[in-house]
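Please open the structure in your viewer and keep the residue selection panel at hand. The stops below follow one another, each with something to select and a note on what is there.

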Amino acid sequence: MRYQEVIADYIRSNIPDYNSALYERSDMQTVIYLMHILRSFERDTYFKIKIKSFRIIEDEKDINAILHAQEKEYGNRRLKYNQYDYINLKETNMFILEVIYYLETIGGSEEVIVYIDIPRIVDKYFFYVDGVCYLATHQIVDASTYIKNSNKASIVVFKTSFRAFNNYRYKVKLKTIKREEVACFSYENATIVPQTRTQIPKYFLAKFGFYGAMEYLYLRFLSISQFPDVSENVYCFEKRGVFFTIDKRIFEENPVMQSMIYCIIDTLESDPDMTIRDIFNQNFWLAKLGEDYGCETPEKGWAILDSFEHLYDSITYTKIHLPHRDKADVYALLRWISYQFKELRAKSNTNISTKRVRFEEYIAVIYASQLSKRIIQRTNNINNVTLSQLKKTIMIKHDWLLKNIKSAEGLIAYNDTVNDNTGLVATEFTYKGIQGIGSKKTSAVPVSYRMVYPNQLGNVDIDTSSNSDPGMSGTICPYAQLYNGSFSEFEEPNNWREVLNELYGIYMQNNNIIQVFPNRTDLIETNSFISNIARMVQEVDLGEIGGYPMEASGTIQYFAGTEEAI
């Protein structure tokens, strides 16, 4: 065998093939992402938004007929119909997704048809819109949380397809009845309105009530009464005749407990009419949640919770590296972030192994972000949502995506290639764009993001970078392996249950407390709100122990098959 053949055989046997996923683009995948993300907008509490069906329209005559009808719908009425008016001189290669909604409010119901123009992928990697060829690049975004720096607070940010969940941790102090000053943490969240921060325990108190919130957050051994406790092994805090007693070690080692106690005491301090009975009144906490957004009523609180719950979507669900019970809904995520805040703060923003690659998904997100804003703005007052308002909310003009996809910063660029070797541009990426780094202001990108790090080797080409905006774009290594879109099969920190079990076990041993049944932290999940994230629901019969049901309903609901849904 000749040397050339030996070398060629060695290369074929030892060098892996290019990752084909980096060279694949799919119109159908774009539609699937859009369908999943639109399903996340469905409502069935105070008013109904339901999707009855989807239909893809590809025939050119049908598309022209729809465009003609849509022009009349939006008020551009012509004196005389001309069959040639709808032949676009600036050609766009596209298809239409027809979405039929069912809307219902107190005032009535109606079926509404919405059309979405979607650009078609041509020549493997390009869009052809209004006579111009555009290159659609990959986008690298966080597959996990990331941290922000602040002089006043520690910040952990988690992004869904609709909104960034900004979670703050402040260092505060409480005074015991012995006049001791005790340091503790207070958690806050800013999501629905970025400028409005709400103490995180309020979400749980408003959703579940005091007892439900304590159970859901797995907070134990807190005593609230009208009697002080001067024991040496406890902290006893007092505010306006209400005493909060907790074991010192449990308080010092459980920051979520600290935040809960601080939230209630802070509310007692700010509301002179609040009594000990109000602590256990769910409507009181709903009103307090509504007060943070300008209206102190339980109805406003429910509206805030409804908006908050629907800022989480099925696409984000499938991408999070967590078991179902810690990502089942927005409350599970908020609980996980609160308990693992210290570990999440220790993560590096520049570690590419905790990032993921997306393409068709961000096209769906561009449309969904606009729909999300409209729903939040126009359904703010849940008691007065009319059918007309609901209809205007979802009636986004058919060409909105086409017009805005061209302005997506860094994602859709004019094709300036000078040769036909399109394989070289197929793996181009950017960190910028919707939900990306510096999507609104390039100068705001920290210098650290522009550096080269060892973890980039084998994932992105460290020699390829933009001249005008260095570090923000480049080329993905063609051999890079992807795991559900992520650069690695990393595991999120998630040991809070084990830590709490050990902490409570030591407390019970030291206080001679006998536990009749073993700890079953999974049982507390049954009271959680399971949002409409996944579609496949199964019920598992847990049976009985000694004639007593293992939990209230006898069943635990969980979602199966969701990881393969997209």
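**First stop: a sheet of four strands**

In this predicted model, begin with the open sheet whose 4 strands stand in the order 5-6-7-18 and pair in the antiparallel sense. Strand 5 and strand 18 are its edges, and each has a single partner strand, so one side of each is left without a neighbour in the sheet.

Select residues 121-122, which make up strand 5, together with strand 6; the two pair antiparallel over 2 bridges. Within this pair, Ile121 stands opposite Phe127 of strand 6. The two strands form a hairpin with 3 residues between them, and in the turn Asp123 has a positive phi of about 50°.

Next, extend the selection to residues 126-129 (strand 6) and residues 132-136 (strand 7), which run antiparallel and are joined by 4 bridges. Which residues of strand 7 face those of strand 6 can be followed one bridge at a time: Phe126 has Leu135 as its partner, Phe127 is matched with Tyr134, and Tyr128 is matched with Cys133. Strand 6 and strand 7 also form a hairpin, here with 2 residues between them, and Asp130 in its turn has a positive phi of about 50°.

To reach the other edge, select residues 412-414, which are strand 18; strand 7 pairs with strand 18 in the antiparallel sense over 3 bridges. Centre the view on Tyr134, which stands opposite Tyr414 of strand 18; on the side of strand 6, the bridge partner of Tyr134 is Phe127, and Phe127 in turn stands opposite Ile121 of strand 5.

**Second stop: another sheet, with a helix on it**

Now move to the open sheet of 4 strands in the order 1-2-3-4, again with antiparallel pairing. Its edge strands are strand 1 (43-44) and strand 4 (108-119), each of which pairs on one side only. Select residues 48-57 and residues 94-105 to bring up strand 2 and strand 3, which run antiparallel and are joined by 9 bridges; one of the matched pairs is Phe54 with Val99 of strand 3. Then add residues 387-394, which are helix 14: this helix packs on the sheet and touches strand 2, strand 3 and strand 4, while its direction makes about 160° with that of strand 3.

**Third stop: a separate hairpin**

Select residues 234-239 and residues 242-247, that is, strand 15 and strand 16, which run antiparallel with 6 bridges joining them. At the turn end of the selection, look for Lys239, which stands opposite Val242 of strand 16. The hairpin leaves 2 residues between the strands, and Arg240 in the turn has a positive phi of about 50°.

**Fourth stop: two helix pairs**

For the first pair, select residues 200-216 (helix 4) and residues 255-270 (helix 6), which pack at an angle of about 105° with their axes 12 Å apart. That angle makes helix 4 roughly perpendicular to helix 6. On helix 4 the contact is made by Pro201, Lys202, Leu205, Phe210, Ala213 and Met214, and on helix 6 by Ser259, Met260, Cys263, Ile264 and Thr267. By class, this contact has 8 nonpolar, 2 polar and 1 charged residues.

For the second pair, select residues 298-309 (helix 9) and residues 330-339 (helix 11), whose axes lie 9 Å apart at an angle of about 80°. Helix 9 is therefore roughly perpendicular to helix 11. Show the side chains of Leu305, Phe308 and Glu309 on helix 9 and of Val330, Tyr331 and Leu334 on helix 11, which are the residues that make the contact; they divide into 5 nonpolar, no polar and 1 charged.

**Last stop: the largest cavity**

How many cavities of 30 Å³ or more does a search of the whole structure find? The search finds 5, and the largest holds about 200 Å³ of space. To find the largest cavity, select Asp142, Ala143, Lys159, Thr316 and Arg356, which lie nearest its centre among the 15 residues of the lining. The elements that give two or more residues to this lining are strand 8 (138-142), strand 10 (154-159), helix 10 (314-319) and strand 17 (355-358). Colouring the lining by class will show 4 nonpolar, 5 polar and 6 charged residues.

Methods
Residues numbered from 1 in each chain as written. Predicted model: local features only at pLDDT ≥ 70, side-chain atom pairs only at ≥ 80, totals over all residues. Heavy atoms only, no water. Pairing = 2+ DSSP bridges. 1 Å grid on protein atoms, 1.4 Å probe; cavity = no way out; pocket = protein on both sides within 12 Å on 5 of 7 lines; lining within 4 Å. Points joined across faces, edges and corners; volume = space filled by probe spheres on them. Nonpolar A, V, L, I, M, F, W, Y, C, P; charged D, E, K, R; others polar. Axes fitted to C-alpha atoms, helices over the stretch in contact; angles between N-to-C directions. Parallel < 35°, antiparallel > 145°, perpendicular 65-115°, else oblique. Contact = heavy atoms within 4.5 Å.
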